[in-house]
Amino acid sequence: MDIGTSGIEGAESLCHGLFGRRFRSAGPEAGGYGFFQLDGKTVAGGKRTTPRQG
């Protein structure tokens, strides 16, 4: 699953609060993309989007 949102911090807070997942950035070269992890395993991807991207 990939999550695209203009508020990645809010998505991280929600996913952590509900499911215990943590967001880990893939680094600046990844353009804001990162991974939601649970118990050291990647369970989803996520990216900050712009309003034009929806």
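Which residues does Phe23 touch, not counting residues up to four places away in sequence? In this predicted model, the list runs to Ile8, Glu12, Gly32, Tyr33, Gly34, Phe35, Phe36 and Gly46. Several of those names come back below.

## The nonpolar core

Phe23 also belongs to the largest nonpolar core, along with Ile8, Ala11, Cys15, Phe36 and Ala44, six residues in total. Helix α1 gives the largest share of this core, with three residues.

Take Cys15, a core member that sits in helix α1. Its relative accessible area is 8%, so Cys15 is buried, given that buried means under 20%. Setting aside residues up to four places away in sequence, Cys15 touches Ile3, Gly20, Arg21 and Phe36. Phe36 is thus a contact of Cys15 and a contact of Phe23 as well. Ala30 is another story: Cys15 and Ala30 are 15 residues apart in sequence, and their C-alpha atoms are 21 Å apart in space.

## Gly34 and strand β3

Strand β3 covers residues 33-38, and Gly34 is found there. Is Gly34 buried or exposed? Gly34 counts as buried because its relative accessibility is 0%. Not counting residues up to four places away in sequence, Gly34 touches Phe23, Arg24, Ser25 and Ala26, and also Ala44, Gly45 and Gly46. Two of the core residues, Phe23 and Ala44, are on that list. As for Thr49, it is 15 residues from Gly34 in sequence and 12 Å away in space, C-alpha to C-alpha.

Now look at Ala26, one of the residues touching Gly34. Ala26 lies in the loop between β2 (22-25) and β3. Ala26 counts as partly exposed because its relative accessibility is 29%. Leaving aside neighbours within four places in sequence, Ala26 is in contact with Tyr33, Gly34 and Phe35. Between Ala26 and Lys47 there are 9.9 Å in space, C-alpha to C-alpha, for a separation of 21 residues in sequence.

## Aromatic pairs

The count of aromatic pairs comes to two. One of them joins Tyr33 and Phe35: the ring centres are 5.5 Å apart and the planes sit at 85°, so the pair is edge-to-face, the cut-off being over 60 degrees. Both residues have turned up already, as contacts of Phe23 and of Ala26.

How covered are these two rings' residues? Tyr33 is partly exposed, with a relative accessible area of 25%. Phe35 counts as partly exposed too, at 32% relative accessibility.

## A salt bridge across the chain

How many salt bridges does the count come to? Just one salt bridge is counted, and it is where the side chains of Arg48 and Glu9 meet, 2.6 Å from N to O. Arg48 is in strand β4 (residues 41-48) and Glu9 in helix α1, so the pair links distant parts of the chain, 39 residues apart. In general, side chains of opposite charge can pair when their charged atoms come close.

Neither partner is buried: Arg48 counts as partly exposed at 38% relative accessibility, and Glu9 is partly exposed with a relative accessible area of 47%.

## Out on the surface

Helix α1 (residues 8-19) also holds Leu14. With a relative accessible area of 51%, Leu14 is exposed, because exposed means over 50%. Leu14, Leu18 and Phe19 make a nonpolar surface patch of about 330 Å². So α1 carries exposed Leu14 and buried Cys15, both placed in that helix.

Then there's Asp39, in the loop between β3 and β4. What is phi of Asp39 near? The angle is near 55°, a positive value in a residue other than glycine. Asp39 counts as exposed because its relative accessibility is 74%.

Terms used:
Residues are numbered from 1 along each chain as its sequence is written. This is a predicted model: local features need pLDDT of at least 70, side-chain atom pairs count only at pLDDT 80 or more; totals for chains, interfaces and linings use all residues. Side-chain values use heavy atoms; hydrogens and water are left out. Patches are made of residues with over 30% relative accessible area and no salt bridge: like charges are joined within 9 Å, nonpolar side chains (Val, Leu, Ile, Met, Phe, Trp, Tyr) within 5 Å. Accessible areas come from the Shrake-Rupley method with a 1.4 Å probe; for residues, only the protein chains shown count as cover. A salt bridge is a side-chain nitrogen of Lys or Arg within 4 Å of a carboxyl oxygen of Asp or Glu. Helices (H or I, at least four residues) and strands (E, at least two) are DSSP runs, numbered from the N terminus. Buried means under 20% relative accessible area, exposed over 50%, partly exposed in between (1.4 Å probe, protein chains only). A nonpolar core is a set of buried Ala, Val, Leu, Ile, Met, Phe, Trp, Tyr and Cys residues joined through side-chain atoms within 4.5 Å. Contact means heavy atoms within 4.5 Å. Rings of Phe, Tyr and Trp (its six-membered ring) pair if their centres lie within 6.5 Å; planes under 30 degrees apart count as stacked, over 60 as edge-to-face and the rest as tilted.
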